Amino acid sequence: MTERKPPGVSFESFVDKQIREASERGDFRKLAGFGKPLPNDAAPYDELWWIKQKMHREGMSSLPPALQLRKEAEDAAAAVLEAGSEGQVRRILGEINTKIAEALRRPPAGPPLNLTPFDVEAELTRWREARDPEGA
């Protein structure tokens with residue numbers, strides 16, 4: 001690891017020497033995040049930064065269930081526009097409509113849901129028009 005600081009050597013030069021030697025050996029290249037930019041240090045300090053970072057890495061959400069479902073509905077609407085076939089559109093809308101119907105039967109905690117199931121046929125019409133704007 002490290003050696004003891006010899007007497008008569010300033011602490012700063014002792015530490016600088018150890019850092020320089022470690023750098024020359026390439027010890028810092030093995031560290032996670034090597035070559036990546038540092039995070040923004042201008043942001044205010046957050047005591048829970050590590051929890052938020054872990055949740056982000058794990059794909060977890062801290063939204064209330066109602067807002068989470070609204071987000072999923074927005075994502076589903078975006079996914080419909082990118083779908084490659086009518087079958088995909090129907091599957092995407094079927095899955096989100098099932099979740100919305102369940103949430104309407106048993107309202108989740110949090111703010112009002114303000115969602116209704118997607119009209120599959122209307123969304124399919126919109127999807128077809130977006131793929132063929134001339135209607136040919």
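**Exercise 1. Work out how the axes of α3 and α4 are arranged, and which way they cross.**

Start with the axes, which are lines fitted to C-alpha atoms, for helices over the stretch in contact, with angles running from 0 to 180 degrees between N-to-C directions. For α3 and α4, these axes come within 10 Å and cross at roughly 165°. That makes the pair roughly antiparallel (under 35 degrees is roughly parallel, over 145 roughly antiparallel, 65 to 115 roughly perpendicular, the rest oblique). Next, handedness: the α3 and α4 crossing is left-handed (the near helix is turned anticlockwise from the far one by less than a right angle; clockwise would be right-handed).

A quick note on ground rules: this is a predicted model, where local features need pLDDT of at least 70, side-chain atom pairs count only at pLDDT 80 or more, and totals for chains, interfaces and linings use all residues. Residues are numbered from 1 along each chain as its sequence is written, and side-chain values use heavy atoms, leaving out hydrogens and water.

**Exercise 2. List the residues that meet between α3 and α4, and sort them by character.**

Contact means heavy atoms within 4.5 Å. On the α3 side you'll find Leu69, Glu72, Ala73, Ala76, Ala79 and Val80; on the α4 side, Val89, Ile92, Leu93, Ile96, Lys99, Ile100 and Ala103. Sorted, that's 11 nonpolar, no polar and two charged. Now zoom in on Ile96: beyond four places in sequence, its contacts are Leu69, Glu72, Ala73, Ala76 and Phe118.

**Exercise 3. Find which members of the largest nonpolar core touch the most others, and which helices supply it.**

The core has 17 residues, and Leu69, Val89 and Ile96 touch the most other members. (A nonpolar core is a set of buried Ala, Val, Leu, Ile, Met, Phe, Trp, Tyr and Cys residues joined through side-chain atoms within 4.5 Å.) At least two residues each come from α3 (65-82), α4 (86-105) and α5 (120-131). Top contributor? α4, with six residues.

**Exercise 4. Repeat the analysis for α4 and α5, then decide whether Asn97 is buried or exposed.**

The α4 and α5 axes come within 10 Å and cross at roughly 140°, so the two helices are oblique to each other. Their crossing is right-handed. Glu86, Val89, Arg90, Leu93 and Asn97 of α4 meet Val120, Glu121, Glu123, Leu124, Trp127 and Arg128 of α5. The tally is five nonpolar, one polar and five charged.

As for Asn97, its relative accessible area is 14%, so it's buried (under 20%; exposed is over 50%, partly exposed in between, with a 1.4 Å probe and protein chains only).

How values were computed. Helix = DSSP H or I, 4+ residues; strand = E, 2+ residues; numbered from the N terminus. Nonpolar A, V, L, I, M, F, W, Y, C, P; charged D, E, K, R; others polar.
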